[in-house]
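Thanks for making the time this morning. I would like to walk through the empty and filled spaces in this protein, so please have the sequence and the model open in front of you.

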Amino acid sequence: MMITQCLITGASQGIGRATAIALSKTNLYDRLLLVARSSEGLDKTMQLCDEKTQTVPLAFDLSKLDEIDAFAEAIYNEYGEMDALLNIAGYADPKPLIDTTAELLKATFTINVYSLVLLTREVAKHMRKKRSGKILNVASTAGSGARPGWLAYASSKAAVISISETLSSELSEYGIQVYCISPGRCATELRAKLAPMEDASTIMQPEAVANAIVSVLHDDGLIDGQNIVVRQQVK
Ligand SMILES: NC(=O)c1ccc[n+]([C@@H]2O[C@H](COP(=O)([O-])OP(=O)(O)OC[C@H]3O[C@@H](n4cnc5c(N)ncnc54)[C@H](OP(=O)(O)O)[C@@H]3O)[C@@H](O)[C@H]2O)c1
């Protein structure tokens with residue numbers, strides 16, 4: 001019997017972890033493959049997932065761009081076809097223009113853009129053959145509109161919005177749906193770096209974004225790559 005599978009990056013904490021937990025409680029996928037660097041974080045995510053869904057930890061550093069094709073090949077050899085890829089992993093180190101270095105741009109774009117594109121390419125090669133699949137990219141509200149002091153992060157997320165629109169159009173002929181979710185402020189480690197003075201209890205929690213992602217994954221061909229903003233005011 002064929003089993004349904006979803007590959008999730010950034011699954012060791014924050015929105016990726018919350019999404020894995022939320023998905024494990026649905027009947028959408030039989031197995032979730034969880035990617036991040038932290039094995040400890042992935043183990044914790046697995047413990048929090050519902051047992052009715054299988055979970056597999058795949059510790060990998062997505063900044064190793066030259067190894068992404070071999071990583072993906074190993075996943076396909078071991079586990080078979082993917083029904084969905086969720087590109088959730090992200091990096092932020094907010095700095096104003098004056099302090100923006102080549103290293104900062106490289107670190108930010110390596111995770112938020114380059115690794116996303118390369119992993120998507122490898123997964124899409126397989127999805128094209130089976131003529132179905134869903135790819136969901138997590139961008140940000142920072143990707144549209146001005147974010148003074150966040151140049152590298154905001155521009156990398158603008159790229160994710162653009163990439164999603166392009167791929168939605170490019171891959172539709174192969175039966176692949178591409179989605180783009182742009183969360184607003186959400187209480188995670190990454191947000192604490194962007195806004196260290198903020199009270200995390202007053203902003204959207206990762207579970208709210210996870211629920212939005214699960215809703216979008218239920219789509220049956222009506223959503224097509226447009227930027228979907230997910231925002232919640234918490235009093
Ligand atoms: N929080 C917000 O307010 C907000 C708003 C809009 C968009 N977003 C986006 O939401 C996504 C999830 O972020 P989050 O807020 O949940 O932040 P987070 O808690 O800091 O999680 C980031 C995730 O990315 C993974 N990651 C980072 N570098 C990696 C690498 N080199 N290789 C593999 N995995 C890596 C981390 O895992 P390891 O450290 O274990 O590798 C972690 O699982 C990001 O794309 C972020 O830009 C967040």
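Helix 6 contributes three residues to the shell around the ligand, which is the largest share, and please keep in mind throughout that we are looking at a predicted model. Alongside helix 6, which runs over 189-194, helix 1 (14-24) and helix 5 (151-171) also supply at least two residues each to that shell. The shell counts 30 residues, and the ones that come nearest to the ligand are Ser12, Ile15, Arg37, Tyr153 and Thr188. Sorted by class, the residues around the ligand are 14 nonpolar, 10 polar and six charged.

Let me turn to the backbone. Which residues place a polar backbone atom close to a ligand oxygen? For Ser38, a polar backbone atom is 2.9 Å from an oxygen atom of the ligand, while for Ala89 the corresponding distance to a ligand oxygen is 3.4 Å. Gly90 also takes part, with a backbone N or O atom that lies 3.3 Å from an oxygen atom of the ligand. As for how much of the ligand is covered, on its own the ligand has 870 Å² of accessible area, and the protein covers 94% of that.

Now to the space itself, where the ligand takes up the largest pocket. That pocket holds about 950 Å³ of space, and of the 39 residues that line it, Gln13, Ala89, Gly90, Tyr91 and Leu190 are the closest to its centre. Ala89 and Gly90, then, are names we have already met, each through a backbone atom set against a ligand oxygen. Helix 1, helix 5 and helix 6 are the elements that give two or more residues to this lining, and helix 6 gives the most, with five residues. In terms of class, the lining of the largest pocket divides into 18 nonpolar, 13 polar and eight charged residues.

What is the volume of the second largest pocket? The value is about 180 Å³, and the residues that line this second pocket are Val117, Thr120, Arg121, Ala124, Lys125, Arg128, Ile163, Leu167, Glu170 and Leu171. Helix 4, spanning 102-130, and helix 5 each supply at least two residues of that lining, with helix 4 giving the most, at six residues. By class, we find five nonpolar residues, one polar residue and four charged residues there.

Beyond the pockets, we can ask about enclosed space. Rolling a probe the size of a water molecule over the atoms shows where empty space is left. How many cavities of 30 Å³ or more does a search of the whole structure find? The search finds one, and the largest cavity has a volume of about 50 Å³. Thr9, Leu62, Asn87, Ala89, Ile111, Ser115, Leu116 and Leu119 line this cavity, so that Ala89 appears once more, here as a lining residue. Helix 4 provides the largest share of the cavity lining, with four residues, and the lining as a whole has five nonpolar, three polar and no charged residues.

One last point concerns the backbone just beyond helix 4. Arg131 is found in the loop between helix 4 and strand 5, the strand that covers 133-138. Most residues other than glycine have a negative phi. Arg131, by contrast, is a residue other than glycine with a positive value, its phi being near 55 degrees.

To close, I would ask you to look again at helix 6, which gives the most residues to the lining of the largest pocket, and at helix 4, which does so for the second largest pocket.

Key
Residues are numbered from 1 along each chain as its sequence is written. This is a predicted model: local features need pLDDT of at least 70, side-chain atom pairs count only at pLDDT 80 or more; totals for chains, interfaces and linings use all residues. Side-chain values use heavy atoms; hydrogens and water are left out. A residue is near a molecule or strand if one of its heavy atoms lies within 4 Å of it. A polar contact is a pair of N or O atoms within 3.5 Å; within protein, one must be able to donate a hydrogen and the other to accept it, and residues adjacent in sequence count only if both atoms are side-chain atoms. Accessible areas come from the Shrake-Rupley method with a 1.4 Å probe; for residues, only the protein chains shown count as cover. On a 1 Å grid over the protein atoms alone, a cavity is a set of points where a 1.4 Å probe fits but cannot get out, and a pocket is an open set with protein on both sides within 12 Å along at least five of seven lines; lining residues have an atom within 4 Å of a point. A molecule sits in a cavity or pocket if more than half of its atoms lie within 2 Å of its grid points. Ala, Val, Leu, Ile, Met, Phe, Trp, Tyr, Cys and Pro count as nonpolar, Asp, Glu, Lys and Arg as charged, and the others, Gly among them, as polar. Grid points are joined across faces, edges and corners, and a volume is the space filled by probe spheres set on the points.
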